Amino acid sequence: MYKVLTLNQISLKGLDRLPRDSYEIASEFSSPDAVLLRSHKLKPEDIPASVLGIGRAGAGYNNIPVDYCTEQGIPVFNTPGANANAVKELIVSALTLGSRGILEGIEYVSTLSDMTDGPEMSKLLEKEKKRFKGNELAGKTLGVIGLGAIGSMVADTALSLGMNVAGYDPALSVDAAWRLSSDIKKVDNIASLVSRSDYITLHLPVLDATRNMVNSDLLSNLKEGAILLNFAREEIVDTSAVVTALESGKLAKYIADFPSPELIGVRGAVLTPHIGASTDEAEENCAVMAANQLKDFLENGNIKNSVNFPPLNLERTPGCESVRLSISNRNVPKILGNILSILADENINVVDMLNKSRDEIAYNLIDVDTAPPESVLKQMAEIEGVVNVRLIG
Ligand SMILES: NC(=O)c1ccc[n+]([C@@H]2O[C@H](COP(=O)([O-])OP(=O)(O)OC[C@H]3O[C@@H](n4cnc5c(N)ncnc54)[C@H](O)[C@@H]3O)[C@@H](O)[C@H]2O)c1
Ligand SMILES: O=C(O)CC[C@@H](O)C(=O)O
């Protein structure tokens, strides 16, 4: 029986992927085999030694101590693209909140609750509406920073709205590059992208390299009256620099999913409570993907969409009574050789195997014809550089 600890509300559609005859799921366990979470801030000391894998039902994983997990041989999985459509749709709304006097108009109308005369109200509204006039998005330039799952969808939608789109992404993967429309102007200098954009939207992860990336230096390149959208992460933006830019009028609006005390009440700050991925569909997609990936890892050792381990998939050999070993080790020479010679000394035959590495970690799946006894597993675990050994069955 596998025990899965949930640290946030995870959509039932996802949890249903974990059959209850072999999975126990609860929000409290002393020795869970796996953790499923969303935005819960996980600290190293909160990860029990029993944990084999962590599934993040979502894209961003800055709430998980990934380096610590790598040291412990724990793969962390996320769900790339599973909530991209939800964020894209909210960006459409953010763009029009930026371009038109929608919020201001709604606020004004809400002040008219004392009026009882309909025709008089219509007359007043027709007179006042010029105060809420805006501009059209068509013909304006949107600068997209980060052209992955969300950024590429936002870029396509903006093109279909008649906007010009420029994109900046120095870390773009080959797969993501294939998805991009040739109508997106690729810019390799972020200051140049900012200086040409009427709207700028952030769709990149928070990493050491991107923390506070949008700072006073970068904002000094803004077009007068530009609008900044942040549905990526609070930490990418230096909030005090944004407040200064709003107060000076250089930045007309900051529309963001990450409210902070400094921003509340600042003119031009339009804030939502981290609801970018809060749709039934996105929550289900993320939960299903996270649960499937965790299940395949727990039951077969396979790794898909891990943010710290190499991707690896070893099919079970049909008709073969083999058992599987999953072994993580530091990415240094000789370890695999030592593991294989322990198996050979025990007369245990390797039926199939795969070995891959990513940065400082290496991961192996080894199918053998006989289940190695506890003493052999212990011998392997004691090889210098081996992080963990698991007999999957
Ligand atoms: N508001 C929400 O609820 C919500 C929902 C989903 C995702 N997000 C955030 O959005 C981020 C992006 O999500 P995604 O699904 O598009 O991820 P993704 O991994 O598909 O795309 C991220 C892109 O950012 C690029 N990137 C990395 N470093 C960069 C840099 N220095 N400058 C420019 N681009 C850079 C990457 O190359 C990649 O193409 C997530 O990491 C998460 O923080 C927020
Ligand atoms: O789980 C959520 O509600 C938010 C997820 C979102 O921030 C993400 O990074 O995918």
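**Reading the ligand shells and the core**

Mentor: Let's start with ligand 1 in this predicted model. Among the 31 residues around ligand 1, the nearest are G60, G146, G148, A171 and G276.

Trainee: Which helices each supply at least two residues of that shell?

Mentor: Look at helix 3 (84–99) and helix 6 (149–160). Helix 6 gives the largest share, 3 residues.

Trainee: And how many of the shell residues around ligand 1 are nonpolar, polar or charged?

Mentor: The split is 19 nonpolar, 9 polar and 3 charged. Now try ligand 2: its shell has 2 nonpolar, 6 polar and 1 charged. The residues around ligand 2 include R38, S39, N83 and S278, along with G60 and G276.

Trainee: Okay, domains next. Why does ligand 1 lie between two of them?

Mentor: Check who gives residues to the shell. Domain 1 (1–83 + 279–309) and domain 2 (84–97 + 136–271) both do, so ligand 1 lies between them. The assignment also gives domain 3 (101–134) and domain 4 (312–393).

Trainee: How far apart are the C-alpha centres of domain 1 and domain 3?

Mentor: They lie 49 Å apart.

Trainee: What about the core? How do I read that?

Mentor: Here's the general idea: in soluble globular proteins, nonpolar side chains tend to be buried together. In this model the largest nonpolar core has 99 residues, and L36, L229 and A290 have the most contacts inside it. Helix 11 (residues 280–300) provides the largest share of this core, 10 residues.

Trainee: Which residues does L36 touch, leaving out those up to four places away in sequence?

Mentor: Among them are V4, I10, A57, A290 and L294.

Note on methods: Residues are numbered from 1 along each chain as its sequence is written. Chains are lettered from A and ligands numbered from 1 in the order in which they are written. This is a predicted model: local features need pLDDT of at least 70, side-chain atom pairs count only at pLDDT 80 or more; totals for chains, interfaces and linings use all residues. A residue is near a molecule or strand if its C-beta atom, placed from the backbone, lies within 6 Å of it. Helices (H or I, at least four residues) and strands (E, at least two) are DSSP runs, numbered from the N terminus. Ala, Val, Leu, Ile, Met, Phe, Trp, Tyr, Cys and Pro count as nonpolar, Asp, Glu, Lys and Arg as charged, and the others, Gly among them, as polar. Domain bounds come from an automatic or database domain assignment. A nonpolar core is a set of buried Ala, Val, Leu, Ile, Met, Phe, Trp, Tyr and Cys residues joined through C-beta atoms within 7 Å. A residue is buried if 20 or more other C-beta atoms lie within 10 Å of its own, exposed if 12 or fewer, and partly exposed in between; C-beta atoms are placed from the backbone. Two residues are in contact if their C-beta atoms, placed from the backbone, lie within 7 Å.
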